[in-house]
Every structure is written in structure tokens, then in C-alpha cells.
Amino acid sequence: MIKLEDVTKEYPGQTIALRNADADIGKGEFVFLIGPSGSGKSTFLRLLNKQEAPDSGRIFVAGKDIGKMSKRDVPKLRRNIGAVFQDYKLLQNKTVNENVSFALEVIGRPRHVISTQVPAILELVGLADMAHKYPHQLSGGEQQRVSIARAFVNRPLILLADEPTGNLDPQTAIGIMRLLDRINKTGTTVLMATHDRGIVDQMRRRVIELADGHIVRDQSRGVYV
Amino acid sequence: MAFRADYIAKETGQNLVRNPSLGIATVLTVAVSLTLLGAAMLVRVGVAGLNDRFRDDVEFIIWVDPDVAPEHLALIEDTLSASASISDSRYVTREEVFAEFQQYYKETPTVLELVKPDEVPTYFEVVPIEPDLAVVQALGAEYRQLPGVFKVQYAAEYIKKLNDFTRLASRVMMIAAVFSAGASTMLMYNTIRTAMFARRREIEVMRLVGATSWFIRLPFMLEGMIQGAIGAGFSVVAVLLLNRGISKQLNQNDLKLLASFDLSQSDLLAISGWLVLSGAVIGFLSSGIAVTRYLDA
């Protein structure tokens, strides 16, 4: 599903974010990206949905070399890749329902599709009765659920999660991990960058560890160490 | 890609009311610049009408010295009738000139007493074939060289002066309009940038979930277009009022000479159309550039 071949990414005036990285992630896998801050985890994720372009190397998503993809085709790529962030990136002036609907509206989905898919996804994330609340009326965990609902409403092949539990207490984080696990079980490939040792150790999924832009460990059913 | 018209309309509407002070500033700047452009267009159309109007009235007058020798008078007459450039000419005799003179100064008998019939100059009324003012002037200059000719006077000379003045005025207004249009383009560019900055989070989400550039772009471009068109609408009102003011002045002061500045409905319609189109295009393009630069950044 995702393949990196000798990928290097350098930000001008900074240390190298990713150095000669190789990785092969299959369909339906759940992968933790771990490593200290600045080790290249976020860059790894940002390269996959073309928020960034590598300086060298090739990246394949669903068999396509995304480096060769034209600007026009980037939106199509992103429709297949959901993204979840530590700060949720919710629109404060929109309700839960509107935030999730927004993701479908802006890709031109017809109204009847939106009116059936949005309640279904809110049910899945456990927010069916909060559809008309605004983000500021929700807890952090609930906001992250909205963010996950928005990322998953279009049933993407891949879900990228950048420190999704970073702002949450351990109990709430477990709830979010259960949700991501459920999503993974539907066949969606999940890549999650995290610092959360407890979660990694408990879930025992594939672990890719980064240090100074290098992949230093790639272990199936790994732990944080 | 399917565009949801209701979504685009909703977004455009929200953009328009989101930042009212900047929006109003943009609309007003567009209105001012397009009013200048419209005024310049009014003058241009008026001048064109003026030229058409006097195209048929290009005769000139060759004044003859009061004490002209008969052979010189005959030479002038022969040259005129032999010329291939002259369609018609008529010699106005001393008696006719004096009669005109008497008619003209009948209110002021003291002037009449001072002038005796044999002191008034006579003249030729000449109608050239080619109505172009420059050609007529060249022709007149030739006759000025003939002996016994006192002065050549062109009926169209004062038209030309007026023409030159209005042309200059129109040019100055055009230049002002161009600068002003530049200012409104920049202001609109900044308005859209500000609007995009205010919505940067939304745009970020739109890009992440796979909205196409055009989908993001279109509401902002429509916003610019609508602001431009509204500004142009104000300028149309201003130009129509200006035209009404001009016609009123012309009618009150009985300035038949400048009647061509009283524009027809079709001319006004055309000018209005151009103004609205210009406003919309300026708005659409300047916001398009702003959006593209923002999205490419």
C-alpha cells in the first residue's frame, strides 16, 4: 500500500528530516512511527499525502509513484488518505455534523450521500448525540473523535494520525486507540506517529523507529523500547 | 469534478459579509476608478460625435483685402474654380457683406455710422471636397499665399480647439482611470488575501481532504467578481448622473454646438456594459491571482 525507496527530505537551514528511508507497508497494516521530537515522524506522514515533496527517492501509494503525480491529481490522492492531528484541526464555527459534512461537501459529494454517511460515521465514533454541538462544547477526546470521523467519512485506504493522543489523558487515549483499531479492522491502513510508550507497548503492532531522520528499527509486533 | 452550486453560493455569500470594511473599501475604490473610466468614455464618445457632426461643415472663408486689385480678385476666383479640391465656392460681394454687417450691428448704430460700405472686406465661401480638417487647413494655407488674400478662416477651427481640449481631458481621465484601476486591483488582491488568511484553517482542511484547487478558488474569485461588479454598478450610476448633469447644462444654456455630448441611450448602455464588465473582470482576475499565489505558497 505504501512504499518508500531511498527517500530523503531536508528542510532548508535545518537538519535532515528524513535520510535514505526505505519502508514497505502492506494493505490493512497498523504501524506506529516512533522516535523523539524532530526525528522525522511528521515528515514521514506529510510526504505520504504530498504536503511535502521529497528531495530524492520515490514514494508509492497504492502502487502509484506520487512523485510523478501532476498537481491536478493530488486531490484524488488525498481523498484516499485520511489525516488526524494532535490539535484536531476542527472548524470552530461549524457543528460536529458540519465539520464532518464539510469533508464531503468540498469534494463535491451529493447531498443525499452526505445525509446518510455523516450520521453513520458519527454513530461509529460514538458521537451520534453530539451532532449539533460546536467543538468548544466538546472534550478533547470528543474533538479527536470528530476529527477521526472527518478523516474516515470518505472511507480512505489509508489513515495518517500524527500524535492523535498527544493532548489526551491516558483513559481518553485508550478510547481513541480502540477507535483507530476498529477503523484498521475495516481494512484501512493506519500509520500513527506517537510518543506514547504505553499505547505502543499495549497494542503490539508494527513499529518503525526514527532517529535523526534515519529508520533505526522496523519491527513487527514491536514495543517502544 | 462536480461543483455543488449551493455550496459555492453559500461560501461566496459568507466571504462577502465576513470582512465588511475591507469589502466596502474595495467596492468604493472600484467605483471611483470606473467612474473616471466612464467619464473618460463619455468624453470620447462626445468628441467622436462632435467630429461626425462637423464633418459636413468644413467650409472655410477667404477674406479679401478691402483694397484688392481687380486682377488679384480674378486670380483668386480663377484658382478656386480651377481647383480639383474645391467642390463649391461663392464670392460674397461688398453689398452683401455690408447688409450682413448692418444686420449684425443693428443694435449699435454708432458702429454702423463708423463703417462705410466701401470699407468692408469681401470674402469667398469655399466648400472643399475632402472634409478632413487637416486637408482643409493645408488647402487654406495655399490660398493664404495668393496676393490680395487678407486672412483664411476655418469654420472648423474652433471645433478643433475644442476637440484638442476634450481629447486632452479624456486622456488625462484615462490615465487617472488606469492608475485608479491599478489601485483597486491591488486593494482587491489584498482583500482576497485577507479573506483567505481569515479562512486559512478551513482552506488547510479543504486541501487535506482532497478539495480541488478550483473548488477552493472559485468562491474567492466570485467574491472578487461580485465586489468588482457592485463597484462598477455604483460607477454606472455616477456616470449616468454625470451625463444627466451635462445634458441639463447643454439644454439650459442652449449649447447646440456641444449637443453631441448629450449621449444617446444606446451609447450610455454600451458604456454601462463596459464598466460592469471591466469591474467584474478586474475583480475576478485580481482575486484569481491572489488565490493562486496563496495556494501555491
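**Exercise 1. Helices 5 and 6 of chain A**

In which hand does helix 5 of chain A pass helix 6 of chain A? Work out the geometry of the pair as well, then list who makes the contact.

*Solution.* A quick caveat before starting: this is a predicted model.

Step 1. Begin with the hand: the crossing of helix 5 of chain A with helix 6 of chain A is right-handed.

Step 2. Now the axes. Those of helix 5 of chain A and helix 6 of chain A (residues 170-185) come within 10 Å, with a crossing angle of roughly 15 degrees.

Step 3. Classify the angle. Angles under 35 degrees count as roughly parallel, so helix 5 of chain A and helix 6 of chain A are roughly parallel to each other.

Step 4. Find the residues. Helix 5 of chain A brings A:Gly141, A:Gln144, A:Arg145, A:Ile148 and A:Phe152 to the contact, while helix 6 of chain A brings A:Thr172, A:Gly175, A:Ile176, A:Leu179, A:Leu180 and A:Ile183.

Step 5. Sort them by class: the contact of helix 5 of chain A with helix 6 of chain A has 6 nonpolar, 4 polar and 1 charged residues.

**Exercise 2. Helix 5 of chain A again, with another partner**

Describe how helix 3 of chain A sits against helix 5 of chain A, using the axes, the hand and the residues in contact.

*Solution.*

Step 1. Helix 3 of chain A covers residues 96-105, and its axis and that of helix 5 of chain A come within 8 Å, crossing at roughly 25 degrees.

Step 2. With 35 degrees as the upper limit for roughly parallel, helix 3 of chain A is therefore roughly parallel to helix 5 of chain A.

Step 3. The hand of the crossing between helix 3 of chain A and helix 5 of chain A is right-handed.

Step 4. On the helix 3 side of chain A, the contact uses A:Val96, A:Asn99, A:Val100 and A:Ala103; on the helix 5 side, A:Val146, A:Ala149 and A:Arg150.

Step 5. That contact of helix 3 of chain A with helix 5 of chain A splits into 5 nonpolar, 1 polar and 1 charged residues.

**Exercise 3. Positive phi without glycine**

Where in chain A do A:Ala62 and A:Arg155 lie, and are they buried, partly exposed or exposed?

*Solution.*

Step 1. Take A:Ala62. Its phi is positive, about 50 degrees, although the residue is not a glycine.

Step 2. A:Ala62 belongs to the loop between strand 4 (56-61) and strand 5 (64-65) of chain A. Its relative accessible area is 46%, and since exposed starts over 50%, A:Ala62 is partly exposed.

Step 3. Now A:Arg155, another non-glycine residue with a positive phi, near 45 degrees. The loop that holds A:Arg155 runs between helix 5 (140-152) and strand 7 (158-162) of chain A.

Step 4. The relative accessibility of A:Arg155 is 48%, so A:Arg155 counts as partly exposed.

**Exercise 4. Far along the chain, but what about space?**

How many Å separate the C-alpha atoms of A:Ser42 and A:Ala193, and those of B:Met41 and B:Ser170? Put the first residue of each pair in its setting.

*Solution.*

Step 1. A:Ser42 and A:Ala193 are 151 residues apart along the chain, and their C-alpha atoms are separated by 7.0 Å.

Step 2. A:Ser42 sits in helix 1 of chain A, residues 41-48, and is partly exposed at 31% relative accessibility.

Step 3. For B:Met41 and B:Ser170, 129 residues apart along the chain, the C-alpha separation is 7.5 Å.

Step 4. B:Met41 is part of helix 2 (residues 20-55) of chain B. At 16% relative accessible area, B:Met41 is buried.

Step 5. Leaving out residues up to four places away in sequence, B:Met41 touches B:Met174, B:Ile271, B:Trp274 and B:Leu275.

**Exercise 5. A glutamate and its contacts**

Is B:Glu11 buried or exposed, and which residues is B:Glu11 in contact with?

*Solution.*

Step 1. Locate B:Glu11: helix 1 of chain B, residues 5-18.

Step 2. The relative accessibility is 1%, so B:Glu11 counts as buried.

Step 3. Setting aside neighbours within four places in sequence, B:Glu11 contacts A:Lys94, B:Arg199, B:Glu202 and B:Pro219.

**Exercise 6. The two chains in numbers**

Tabulate the make-up of chain A and chain B.

*Solution.* Collect the totals row by row.

| Item | Chain A | Chain B |
|---|---|---|
| Elements | 7 helices, 10 strands | 10 helices, 4 strands |
| Buried residues | 53% of 225 | 39% of 297 |
| Accessible surface | about 10,000 Å², 48% from carbon and sulfur atoms | about 15,800 Å², 63% from carbon and sulfur atoms |

Definitions and conventions. Residues are numbered from 1 along each chain as its sequence is written. Chains are lettered from A and ligands numbered from 1 in the order in which they are written. This is a predicted model: local features need pLDDT of at least 70, side-chain atom pairs count only at pLDDT 80 or more; totals for chains, interfaces and linings use all residues. Side-chain values use heavy atoms; hydrogens and water are left out. Helices (H or I, at least four residues) and strands (E, at least two) are DSSP runs, numbered from the N terminus. Buried means under 20% relative accessible area, exposed over 50%, partly exposed in between (1.4 Å probe, protein chains only). Accessible areas come from the Shrake-Rupley method with a 1.4 Å probe; for residues, only the protein chains shown count as cover. Contact means heavy atoms within 4.5 Å. Axes are lines fitted to C-alpha atoms, for helices over the stretch in contact, and angles run from 0 to 180 degrees between N-to-C directions. Angles under 35 degrees count as roughly parallel, over 145 as roughly antiparallel, 65 to 115 as roughly perpendicular and the rest as oblique. A crossing is left-handed if the near helix is turned anticlockwise from the far one by less than a right angle, and right-handed if clockwise. Ala, Val, Leu, Ile, Met, Phe, Trp, Tyr, Cys and Pro count as nonpolar, Asp, Glu, Lys and Arg as charged, and the others, Gly among them, as polar.
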